[in-house]
Amino acid sequence: MPQLLHLDASARSDSFSRELGTVFAAHWRAAHPDGAYTHRDLVAEPVQPLDEARVRLSALSSLHGVRDLAAMDAVAATVPDLARAWAATRPLVAELLGADVLVIGAPMYNFTVPAALKAWLDRVTLPWLPLAGRSAVVLGARGGAYGPGTPREPFDFQEPYLRAYFSALGLTDLEFVHTELTHAPVMPFLADLRGAHEASRAAALARVAALATRTPAT
């Protein structure tokens, strides 16, 4: 049974990245009626930022050659503060490892990913975390235009960061879909770009619908 893990990291309830995620999930669930779907709102339910105990867990996992959840359970059980850190971490890691497809609503904030998403990435990442064989789709929303050849392309620290992150963990089936120029509908000095924004939004919605049915289920 295929499983989809859907993360939202936008601080806005009516954001464009959430719109893309809603559309993706609807099409994916229609295409996989027997599939399992989990939605996690990283803003409504914030992940605890890293603390010393969580950092020590990563170091100890390497020291003890941990390769799975059961081995990590044994390491964490040795010290109370490690056990508490692992209790806050384990459900998120298990959720991620159980997913075949990961879809992430990730607006661009200050040229990079939202703090809510960064906290989740920091919390779930362990030296042994295996993500090979899974697929991921990142759904972005950007106030300006950051695509190839645009003046702001060098300021995009969002997509390159996430590409590097997932590649390092063995996940190579990775797609990005962005709605750009999202400030155009609300900022008067960008009024002449509203048509370009709508075109970007329409293209993103169409791309998401296609990816949701073509992304490998396993």
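Start by selecting L5 in β1 and looking across to β2: the bridge partner there is T38. Keep in mind as you click around that this is a predicted model. Widen the selection to both strands and you have 6 bridges joining β1 to β2, with the two running parallel. While β1 is lit up, switch on a surface: the strand is mostly covered, with 5 of its 6 residues buried.

**The whole sheet**

Now show every strand. You should have an open sheet of 5 strands in the order β2-β1-β3-β4-β5, with parallel pairing. Which strands sit at the edges? Those are β2 (36–41) and β5 (173–179), each pairing on one side only. Look at how neighbouring strands are set against each other: on average they are turned by 15°, direction ignored.

Next, move over to β3 and β4. These two also run parallel, and 5 bridges join them. For one spot to zoom in on, pick V101, whose bridge partner in β4 is S135.

**Across the sheet: α6**

Select α6 and keep the strands visible. This helix lies across β3, β4 and β5, and runs at about 165° to β5. Inside α6, click on E159. Is E159 buried or exposed? It comes out at 17% relative accessibility, so it counts as buried, the cut-off being under 20%. Show what touches it: apart from neighbours within four places in sequence, E159 is in contact with R142, F176 and H178.

**Aromatic stops**

Time for the rings. How many aromatic pairs does a search of the whole structure find? There are 4. Begin with F111 and Y146: their ring centres are 6.4 Å apart and the planes stand at 65°, so this pair is edge-to-face. Trace the chain at both ends of the pair. F111 is in the loop between β3 (101–105) and α5 (115–124), while Y146 is in the loop between β4 (135–141) and α6 (159–168), so the pair ties together parts that are 35 residues apart in sequence.

Colour by accessibility here and the two partners part ways. F111 is partly exposed, at 29% relative accessible area, whereas Y146 counts as buried at 6%.

Another pair to select is Y165 and F166. With centres 5.0 Å apart and planes at 80°, these rings are edge-to-face as well. Y165 has a relative accessibility of 12% and counts as buried; F166, at 1%, counts as buried too. Before leaving the rings, go back to F111 and Y146 and add F155: the three form one aromatic cluster.

**Helix against helix**

Hide the strands and bring up α2 (residues 52–63) with α4 (residues 80–97). They pack at an angle of about 90°, and their axes are 8 Å apart. That makes α2 roughly perpendicular to α4. For the side chains in this contact, select A53, R54, R56, L57 and L60 on α2, then D81, L82, A85, W86 and T89 on α4. Colour that set by class and you get 6 nonpolar, 1 polar and 3 charged residues.

Keep α4 on screen and swap α2 for α5. The axes of α4 and α5 come within 9 Å and cross at roughly 95°, which makes α4 roughly perpendicular to α5. Which residues meet here? From α4 pick A85, A88, T89, L92, V93 and L96, and from α5 pick W120, R123 and V124. By class, this contact has 7 nonpolar, 1 polar and 1 charged residues. Note that A85 and T89 turn up in the contact of α4 with α2 and also in the contact with α5.

**Last stop: R12**

Finish by selecting R12, in the loop between β1 (3–8) and α1 (16–31). With a relative accessible area of 40%, R12 is partly exposed. Leaving out neighbours within four places in sequence, its contacts are R18 and Y109. Then draw a distance from the C-alpha atom of R12 to that of R67: these residues are 55 apart along the chain, and the atoms are separated by 37 Å.

How values were computed. Residues numbered from 1 in each chain as written. Predicted model: local features only at pLDDT ≥ 70, side-chain atom pairs only at ≥ 80, totals over all residues. Heavy atoms only, no water. Phe/Tyr/Trp six-rings, centres within 6.5 Å; stacked < 30°, edge-to-face > 60°. Helix = DSSP H or I, 4+ residues; strand = E, 2+ residues; numbered from the N terminus. Buried < 20%, exposed > 50% of the residue type's maximum accessible area, 1.4 Å probe, protein only. Pairing = 2+ DSSP bridges. Axes fitted to C-alpha atoms, helices over the stretch in contact; angles between N-to-C directions. Contact = heavy atoms within 4.5 Å. Parallel < 35°, antiparallel > 145°, perpendicular 65-115°, else oblique. Nonpolar A, V, L, I, M, F, W, Y, C, P; charged D, E, K, R; others polar.
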